[in-house]
Amino acid sequence: MKITYPHMGSLNMILKTMFEGINIEVVEPPPVTSKTLSIGVKYSPEFACLPYKINLGNFIEALEKGADTIIMLGGVGPCRFGYYGQVQKETLIDLGYDFKMIILDPPHGRLIDFLKDLSGYFPGVYWKDALKTFIFAVQKMIAADNLEKHLLILRAHEDKIGVTTKIYEKYVEGLKYAKNKKELDYIYREGVEKIKQNANVKRDIQLKVALVGEIYLMLEPFSNMDICKSLNELGIEVTKTDYLSDYLINSAFKLPQKLEFKRYAHGYLERDIGGHGLNTVANTVKYAEKNYDGIIQIFPFTCTPEIVAESIIAKISGDKNIPVMSLSYDEKTGEAGYQTRLEAFKDLLERQKINALK
Amino acid sequence: MGKIVGIPKALLYYNFYPMWKTFFEELGAEVITSSNTCKKIVDDGVKSCVDETCLPVKTFVGHVIDLKEKGVDYIFIPRVVSIEKRRYLCSKFLGLPDLVKNLVTDLPEIIDMKIDYYRGDDTMKKEILKVGKIFVNNSKKIYDAYLKSIEMQKKFESIMRKGLSNTEAIKAIEENSVDVKLNGNLKIALLAHSYDIMDDYICMGIIDRLRNMGANVFTTCMLDRDKIELGASKLQKDLFWTYGRDILGAGKYFIENRDIDGVISVSAFGCGPDSLTDDLLERDYKRDGKIPYMSLTIDEHTGEAGITTRLEAFIDLLRWRKGEITI
Ligand code: SF4
């Protein structure tokens, strides 16, 4: 069996570690490029959203590389992500590929049940072994996510533009191949240190922006044209409000994160509407109250929950006097236009901050 | 004089109006609807919404503004989470009252009743009382009104099953008579959300247009439930959206049963759920290769000419296949 899965932020790192840990051969989907996207677009329904199209591109590229089994997450709605797998499967069948598709519904409660479910597809693997490698994989993911959190602040202060990104990429790659916890911790600490050494630029007016929105767009830099990097290079510190590790930790320990969201969103959006709509609204309120300078919402074009959220956060922006910008992405999104909008947003935030100081 | 409750003539109006109206009237309220969709209503909606909002929701917002201008005491904007066990509606319905409140200022009081049958109907009881108490302080009366409204819904649905469209069925109930000519010799399934095909302004009277071209039209509301269930049982994974599932179920039923000459699917530009269900159906029809399938997308710029041409071409194709015309 040669297994593959879609890319999504640090997901590759964790799945690769986990499957190889239980001796299952993995065919990593090639890194997402515009080729991946154009293959995906070619075979997707026109109005399917960007993550769907990139996923499909990942699958086709991995099948071409010899994968024969696809792992995909499912869902129970109301967001359409829960039905992606079904449609993608039919598409790949029509394209003539010979493969098996495993669609896993996300853990409703306990992660352990989820793993047991998963191991059901791999007879001969004990879920206790799987659990051990899984824990190590999660540790890697946490390390990678934390490294990124440092990056998104410190890169805004880098001495020489572009250097921090290179350091970061080198250390993430290191984390991916770490053999044990000790090695992992070592690489992580050294990575943070190296990034810090290159971050000595201080500004009188330092801008801080929180990134909210749909989770795939938030996790997969290709899909958002690496917005964090662009913002950092404009000198803006960025806080991403969603990480895969936070999500896993929350669902593993059943933390009442949803309650926190409901509290923040109260008065604007009174219930979960599927996808990340509630998170988007809640995080907008939360970071406005934390005195961030601005909020940027990113989401795939036609993503229904995010469109509802977009309509609502425009109101929050006025109420809480915080600039909010919404960016939706599809395959036609051009890089140039986006860079201009980011720069204009930066100018706006700066002006606002200077006025507030007066 | 009772208080006036306004119901926007958009979205789920087409699926539940007689029921909602009965409920409020039984409680002593007066019910009015917004005007028929027109350019002003659509423009008002488009102006108030963010660009990417789908046309049905933009139109809904326009209808809310129309009601506000009419000076009603309340506007009924239910939060319809789920109308049956274990299935949802599209995200927009789940956040509809929040959406409207954040987009339109100076609204009269909104009745944002939560309709949620996802886990069975216990939660409904509380909601019904909460809403009923706005009008009368008498639980029994409120509950009776609810039962009456459910009866009305059943009646409404059974009228549609006779082949009447949602709007015709509403008319039949209100005026006790309608005359509809159902004598076409082509059978066409029109698979879509009611609000996409029932609003004569948005969809340019597609049903009557098809009938005038000699077709008998079947929508999901006109079909027997068991046919839809039979079709839906062919799905590899049950679909979690009620209306999307109805569309797929009906579509799959016709592939097996062949009791139809052609299928037209209509969806709003950018509609998330429809983008997937449409793709699945089209794939099925292509693989089967026996029944022609056409899909139409509508938005605020859709022109009448475009729709007419495509419908005519499709009808010609069906007639040609039947050997009625030669090209
Ligand atoms: S189902 Fe589609 S058209 Fe209807 S409200 Fe949802 S996104 Fe809009």
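Start in chain B of this predicted model and pick out helix α7, then colour its buried residues: I142(B), A145(B), Y146(B), S149(B), M152(B), Q153(B), F156(B), I159(B) and M160(B). Now show what lies over them: the cover includes α1 (13–26), α6 (122–132) and α8 (166–175) of chain B. While you're here, try a ruler on α7(B), residues 139–161. Its 23 residues should span 33 Å at 1.5 Å a residue, and the end C-alpha atoms are 33 Å apart, so the two values agree.

Next, stay in chain B and click on T220(B), which sits in the loop between β8 (215–218) and α11 (225–232). Is T220(B) buried or exposed? Its relative accessibility is 9%, under the 20% cut-off, so T220(B) counts as buried. To see the company it keeps, skip the neighbours within four places in sequence and select L190(B), L191(B), A192(B), I228(B), D246(B), I247(B) and A250(B), which are in contact with T220(B).

Now select helix α12 of chain B, residues 242–257. From first C-alpha to last, this 16-residue helix reaches 22 Å, close to the 22 Å expected at 1.5 Å a residue. How many of the residues of α12(B) are buried? The count is 14 of 16, leaving the helix mostly covered. Step just past the helix to R258(B), and check its backbone: phi is positive there, near 65°.

Time to hop over to chain A. Show helix α12 (residues 257–265) together with helix α13 (residues 277–289). Their axes come within 8 Å and cross at roughly 65°, which makes α12(A) roughly perpendicular to α13(A). The crossing is left-handed.

For the side chains where they meet, select K258(A), E260(A), F261(A), K262(A), Y264(A) and A265(A) on α12(A). Across from them, on α13(A), are L278(A), N279(A), V281(A), A282(A), N283(A), V285(A), K286(A) and E289(A). Colour this contact by class and you'll get seven nonpolar, two polar and five charged residues.

Last stop: helix α15 of chain A, residues 335–357. Its 23 residues should span 33 Å at 1.5 Å a residue, and the ends, C-alpha to C-alpha, are 33 Å apart, which agrees. Which residues of α15(A) are buried? They are Y338(A), L342(A), F345(A), K346(A) and L349(A). Finish by switching on their surroundings in chain A, where the cover includes strands β5 (207–213), β6 (236–240), β7 (294–300) and β8 (324–329), along with helix α10 (227–233).

Technical notes: Residues are numbered from 1 along each chain as its sequence is written. Chains are lettered from A and ligands numbered from 1 in the order in which they are written. This is a predicted model: local features need pLDDT of at least 70, side-chain atom pairs count only at pLDDT 80 or more; totals for chains, interfaces and linings use all residues. Side-chain values use heavy atoms; hydrogens and water are left out. Axes are lines fitted to C-alpha atoms, for helices over the stretch in contact, and angles run from 0 to 180 degrees between N-to-C directions. Helices (H or I, at least four residues) and strands (E, at least two) are DSSP runs, numbered from the N terminus. Angles under 35 degrees count as roughly parallel, over 145 as roughly antiparallel, 65 to 115 as roughly perpendicular and the rest as oblique. A crossing is left-handed if the near helix is turned anticlockwise from the far one by less than a right angle, and right-handed if clockwise. Contact means heavy atoms within 4.5 Å. Ala, Val, Leu, Ile, Met, Phe, Trp, Tyr, Cys and Pro count as nonpolar, Asp, Glu, Lys and Arg as charged, and the others, Gly among them, as polar. The expected span of a helix is 1.5 Å times one less than its number of residues. Buried means under 20% relative accessible area, exposed over 50%, partly exposed in between (1.4 Å probe, protein chains only).
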